Each structure stands twice: as structure tokens, then as C-alpha cells.
Amino acid sequence: MPKQRHAPSSAPPQSARGLITAHGGRATRTRVALIETLQASAHPLSHDEIGAALAALGIAHDRVTLYRALDWLVEQGIARRIAGGERAWRFEIARHGEHRHAHFHCERCGQILCLEDIAAESSPNLPAGFKLERAELVLHGACAECGPRGPGTVAR
């Protein structure tokens with residue numbers, strides 16, 4: 001499991017219920033637990049990791065409900081969707097007041113790490129009429145734990 005990747009924020013996180021109601025949503029048990037799970041995580045989580053965390057908390061849910069809740073959180077700007085490997089999304093809580101940062105995706109073990117020192121902000125020259133809404137920077141390679149002979153590597 002990756003180590004802590006986010007710098008501690010000086011402001012306490014807003015309550016899950018408060019975030020949901022501030023965006024005009026219903027504070028369902030699944031949405032509240034989903035936000036709390038993302039707030040507690042040190043790294044972006046896959047759908048399966050989130051589902052396992054909810055199951056460990058004894059919160060009954062189905063895959064479709066979880067997908068819909070995640071989509072709603074992303075649409076509201078409460079969470080961010082990050083491209084992971086094997087066409088799987090990972091999700092993290094949107095920490096307002098923090099800069100947008102890059103991510104590193106280990107192609108061997110699949111973990112995604114937050115790179116706080118590399119901004120994902122971009123100001124490209126876009127064609128007339130285009131408006132940039134978000135930029136995402138994901139670097140791909142092997143993490144320190146996988147290295148040249150780590151998981152998924154065959155020794156020669």
C-alpha cells in the first residue's frame with residue numbers, strides 16, 4: 001500500500017454531509033461513506049478499492065449505485081477522476097485551496113501516486129473559441145518498489 005502522498009491541509013475537511021447538501025444533493029449513506037473514504041485515503045482509489053472499503057464498513061451498495069455516486073461527485077467538483085491503467089478510473093477528493101498536482105502511474109503494480117511538487121496546471125495556446133476546463137498530467141513508469149526487478153518483471 002502506498003505511503004502518505006498528500007501534504008496535510010491546514011483547514012479541516014468539510015463534512016461529507018455538508019459537501020453534499022452544499023451542492024444540492026441528497027446525503028445518502030453511500031454518498032456520505034464514499035466521501036469519507038476518499039477524504040481518508042492517501043492516494044486515488046479505484047472503483048473496486050472504494051467498493052471494498054464500503055463493504056468493510058458494512059455499507060450495502062451495488063456497482064451501479066457506486067458508479068452513479070462517483071459520477072455525481074465528479075460532476076459537482078467534490079471528487080476528481082484520474083486516468084488509471086487498464087482503462088480503469090481512480091478517484092480522489094477535490095481538496096480546494098490546493099494546487100492541482102500530477103500523478104505517477106506504476107505500469108507494473110498499478111498504484112497511482114500523487115506528485116505534489118509537479119503542478120498539473122497548463123496554459124496551452126488553444127484555437128480560438130476553445131476553453132480549457134481542466135488539465136491532467138499522469139506520468140507512467142515503474143515505482144521505487146517495483147524497480148527493474150519488481151512485481152511483473154521476470155528475472156533473466
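In this predicted model, Asp48 counts as exposed, because its relative accessibility of 51% lies over the 50% cut-off. The side chain of Asp48 nevertheless has a charged partner, for Asp48 forms a salt bridge with Arg63 in which the closest N and O atoms are 3.1 Å apart. This pair links distant parts of the chain, with Asp48 in helix 3 and Arg63 in helix 4 (residues 63-76), 15 residues apart. Arg63 itself is partly exposed, with a relative accessible area of 46%.

The residue that follows in the numbering, Glu49, takes part in another such contact, since the side chains of Arg90 and Glu49 meet in a salt bridge with an N to O distance of 3.0 Å. Because Arg90 lies in strand 3 (residues 89-93) and Glu49 in helix 3, this pair ties together parts of the chain that are 41 residues apart in sequence. As for their surroundings, Arg90 is buried, its relative accessible area of 14% being under the 20% cut-off, whereas Glu49 is partly exposed at 28%.

Strand 3 also carries Glu92, whose side chain meets that of Arg80 in a salt bridge, here with 3.8 Å from N to O. Arg80 belongs to strand 2 (residues 79-83) and Glu92 to strand 3, so that this pair, too, links distant parts of the chain, 12 residues apart. Both of these residues, Arg80 and Glu92, are buried. The three pairs described here are among the 4 salt bridges that a search of the whole structure finds.

Helix 3, which holds Asp48 and Glu49, also packs against another helix. Helix 2 (residues 29-40) and helix 3 (residues 47-56) pack at an angle of about 115 degrees, and their axes are 10 Å apart. The angle makes helix 2 roughly perpendicular to helix 3, and helix 2 passes helix 3 in a right-handed crossing. On the side of helix 2, the contact is made by Thr30, Ala33, Leu34, Thr37 and Leu38, which meet Ile50, Ala53 and Leu54 in helix 3. Sorted by class, the contact of helix 2 with helix 3 has 6 nonpolar and 2 polar residues, and no charged ones. Helix 3 thus meets helix 2 through Ile50, Ala53 and Leu54, while Asp48 of helix 3 is bridged to Arg63 in helix 4 and Glu49 of helix 3 to Arg90 in strand 3.

Notes: Residues are numbered from 1 along each chain as its sequence is written. This is a predicted model: local features need pLDDT of at least 70, side-chain atom pairs count only at pLDDT 80 or more; totals for chains, interfaces and linings use all residues. Side-chain values use heavy atoms; hydrogens and water are left out. Axes are lines fitted to C-alpha atoms, for helices over the stretch in contact, and angles run from 0 to 180 degrees between N-to-C directions. Helices (H or I, at least four residues) and strands (E, at least two) are DSSP runs, numbered from the N terminus. Angles under 35 degrees count as roughly parallel, over 145 as roughly antiparallel, 65 to 115 as roughly perpendicular and the rest as oblique. A crossing is left-handed if the near helix is turned anticlockwise from the far one by less than a right angle, and right-handed if clockwise. Contact means heavy atoms within 4.5 Å. Ala, Val, Leu, Ile, Met, Phe, Trp, Tyr, Cys and Pro count as nonpolar, Asp, Glu, Lys and Arg as charged, and the others, Gly among them, as polar. Buried means under 20% relative accessible area, exposed over 50%, partly exposed in between (1.4 Å probe, protein chains only).
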